[in-house]
Amino acid sequence: MVTKTQYRQAKEKIEHAKKQIDKMKNLIQETEKITHAYEEQEQKLKNERLLKLRKNDYVEYIGGTKSKQLTVGKKYRLTCKSFNGRIALINDSGRRIVIWPKYFNF
């Protein structure tokens, strides 16, 4: 049989746990706002740098695709300025390819 003191203690623990959950939810919301703002800032800077790329500039491949014609860490020359959010470059086999810039550092 459960006594009245055990019941009160259980209720207090439940209230304490609910308060901790609320604090954690607030903490998660704050950190999500910060990370979202940082990611937006980084994306904006990368888009600005992307617009400044011109023909014969070099970009470094950081990986992320299953391409056999691109080597991680190697720099590739652009064949023209960026267009439609993409870049065109000469791959290892000497062919021109059009690819998303998210796989490159520039």
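The following exercises, each with a worked solution, concern a predicted model.

Local features require pLDDT of at least 70 and side-chain atom pairs pLDDT 80 or more, whereas totals for chains, interfaces and linings use all residues. Residues are numbered from 1 along each chain as its sequence is written, and side-chain values use heavy atoms, with hydrogens and water left out.

**Exercise 1. The sheet**

Task: Determine the strand order of the open sheet, and identify its edge strands.

Solution. Step 1: Strands (E, at least two residues) and helices (H or I, at least four residues) are DSSP runs, numbered from the N terminus. Two strands pair if DSSP finds at least two bridges between them.

Step 2: S1 and S2 are antiparallel and share 3 bridges. Within this pairing, Glu60 has Lys75 as its bridge partner, and Val59 has Tyr76.

Step 3: S1 and S5 also run antiparallel, joined by 2 bridges; here Tyr61 is bridged to Phe104.

Step 4: The 3 strands therefore come in the order S2-S1-S5. S2 and S5 are the edge strands, as each pairs on one side only.

Step 5: The two faces of S1 can now be assigned. Val59 and Tyr61 make up the covered face, while Tyr58 and Glu60 make up the uncovered one.

**Exercise 2. Aromatic rings**

Task: Classify the 1 aromatic pair of the structure, and state where its members lie in the chain.

Solution. Step 1: A pair of aromatic rings is described by the distance of the centres and the angle of the planes. Rings of Phe, Tyr and Trp (its six-membered ring) pair if their centres lie within 6.5 Å; planes under 30 degrees apart count as stacked, over 60 as edge-to-face and the rest as tilted.

Step 2: The structure holds 1 aromatic pair. Tyr61 and Phe104 form this pair, with 5.4 Å between centres and 55° between the planes, and it is tilted.

Step 3: Tyr61 belongs to strand S1 (residues 58-61) and Phe104 to strand S5 (residues 104-105), so that the pair links distant parts of the chain, 43 residues apart.

Step 4: Burial is judged by relative accessible area: buried means under 20%, exposed over 50%, and partly exposed in between (1.4 Å probe, protein chains only). Tyr61 is buried because its relative accessibility is 2%; Phe104 is buried because its value is 0%.

**Exercise 3. The loop between S2 and S3**

Task: Which residues is Ser82 in contact with, leaving aside its neighbours within four places in sequence?

Solution. Step 1: Ser82 is located in the loop between strand S2 (75-77) and strand S3 (87-90). With 16% relative accessibility, Ser82 counts as buried.

Step 2: Contact means heavy atoms within 4.5 Å. By this criterion, the partners of Ser82 outside its neighbours within four places are Leu50, Leu51, Leu53 and Ile87.

Step 3: A polar atom of the Ser82 side chain lies 3.0 Å from the backbone oxygen of Leu50.

Step 4: Asn84 is in the loop between S2 and S3 as well. Asn84 is exposed because its relative accessible area is 71%, and it has a positive phi of about 50° although it is not a glycine.

**Exercise 4. A further positive phi**

Task: Where does Asn56 lie, and is it buried, partly exposed or exposed?

Solution. Step 1: Asn56 is placed in the loop between helix H1 (4-52) and S1.

Step 2: Its relative accessibility is 40%, so Asn56 counts as partly exposed.

Step 3: Asn56 is not a glycine, yet has a positive phi of about 75°.

Notes. Polar contact = N/O pair within 3.5 Å; in protein donor to acceptor, adjacent residues only side chain to side chain.
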